[in-house]
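Please work through the following exercises with the sequence and the model side by side, and try each task before reading its solution.

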Amino acid sequence: MSLDLQYDNKHLWHPYTSMINPLPCYAVVSADKCLLTLDNGKQLIDGMSSWWACLFGYNVPELNTAAKQQIDKMSHVMFGGLTHQPAIDLAKKLVAITPAGLEKVFLSDSGSVSVEVALKMALQYWHALEKPKSQFLTVRNGYHGDTFGAMSVTDPEGSMHELYHDFLAKQLFAPQPGIAFDQPWDATALDEITLLVENNQANIAAIILEPIVQGAGGMYFYHSEYLKGVRALCDKYELLLIADEIATGFGRTGKLFACEHADISPDIICVGKAITGGYMSLAATLATSEIAETISRGKAGVFMHGPTFMGNPLACAVANANIEKLLAFDWQTTVLNIETSLKHYLAPCIELEQVKSVRVLGAIGVVELKKAVDVAIVQKKFVELGVWIRPFGKLIYIMPPYIITPEQLQLLCHAIYSIINEEAVEL
Ligand SMILES: *Cc1c(COP(=O)(O)O)cnc(C)c1O
């Protein structure tokens, strides 16, 4: 049976895709471990973990069981006035594994919403202290989601801010952290953000950034001293620090959370993507007790947010099984092994003329080209080679499931090399 791709083409929006001249779509009928099976029977090795989410690949027995068991009890109940074991267990786990001091858990349905929640918490915190502030400071090339608050702190160029100009809050942008993760540190890298803070301190509610790894805004890894410096700036000038760990959380960078590279705790953290192992949409915003209590002492008396599917038991049950599996698994060694292999197998790419840089951190491998790729052409070639890799702009990158085999990883890297090397491809 083949899928009705024509109907898809005509009626379904796909992410960042034209409705009149859409990029081709491949129909998936099932997925297991690291393999996606297309409707024509072809199998592709997954290099994307469905956008950072599927830590253990697909069709994971423990996660299937958790979902099935929970579905027979209840899929959902409202969280207003009701609670349940899956949410309590998840809160315990998140408080235990996230950096110290983050103790109050707000569950929501997606990463972007968890960012909105974080921004609102920061605003309400200052309001409750009767020192209202109305701006956020962030760094260029960041990405925090597609809703309006999140968009306002996302890099203006990549997110086409001018389209929404009159509607978006005006935030403060410091330059992208200038020193890469593995370069020698130079403290002058903090000069510009320090100046911005000094000049606007009274009106900045929080600094928000992705710790160490900037994801969708450019797949760039910056120096841990920068993050430490930002924490120190926030302490000195009494600003809150929001860490968006939606992409970096749950071991992806080699630490359970990327903040650990700099040994810092933010005041608010956002987690999402991998939280349910890629099974369903769930996110969480954790704040310090001080923030939660201050908000609750304020004029509103409560935090003003409450999504319909808050604390969804089905998603929480799967998240619990996923986090248990992660903690019982030697993810440190696994991620380190993936890092070593990625470095080894992607290294030859740097010799290709089209390549600007090759970067690897944890289970993330990035090849940045000098020019943007034609996604339709490159995607087709990757599929022909039996791999699922989705490039964007000048970036070809992979963050495979942790359970990928060494042979599969080698095939992914080899596919990247051969695609770039193939002169027939217009890059
Ligand atoms: C993906 C992502 C988001 C948005 O999450 P959604 O679940 O897509 O809304 C926010 N911040 C970062 C760092 C992300 O990678």
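**Exercise 1.** How far apart do the C-alpha centres of domain 1 and domain 2 lie?

Solution. This is a predicted model, in which local features need pLDDT of at least 70 and side-chain atom pairs count only at pLDDT 80 or more, while totals for chains, interfaces and linings use all residues. Residues are numbered from 1 along each chain as its sequence is written, and side-chain values use heavy atoms, with hydrogens and water left out. Begin with the bounds, which come from an automatic or database domain assignment: domain 1 comprises 5-56 + 331-424, and domain 2 comprises 63-328. The C-alpha centres of these two domains are 27 Å apart.

**Exercise 2.** Describe the interface of domain 1 and domain 2, beginning with its area.

Solution. First, the buried area (the accessible area, with a 1.4 Å probe, that two parts lose on being put together, summed over both) is about 2,200 Å², and carbon and sulfur atoms give 70% of that area. Trp52, Trp331 and Leu361 supply 36% of the area that domain 1 buries against domain 2, which is more than any other three residues.

Next, count the residues in contact, meaning heavy atoms within 4.5 Å: 23 residues of domain 1 touch 26 residues of domain 2. Finally, look for salt bridges (a side-chain nitrogen of Lys or Arg within 4 Å of a carboxyl oxygen of Asp or Glu); the rule finds 0 of them across this interface. By class, the side of domain 1 that touches domain 2 has 20 nonpolar residues (Ala, Val, Leu, Ile, Met, Phe, Trp, Tyr, Cys and Pro), together with 2 polar and 1 charged.

**Exercise 3.** Where does UniProt place the feature "binding site" that includes Trp51, and how far apart are the farthest two C-alpha atoms?

Solution. The unreviewed UniProt entry places this feature at Trp51, Tyr143, Lys273, Gly306 and Arg390. These positions span 340 residues in sequence and their farthest two C-alpha atoms are 34.4 Å apart, so they do not all gather at one spot. As with other UniProt annotations, the assignment may be inferred rather than shown by experiment.
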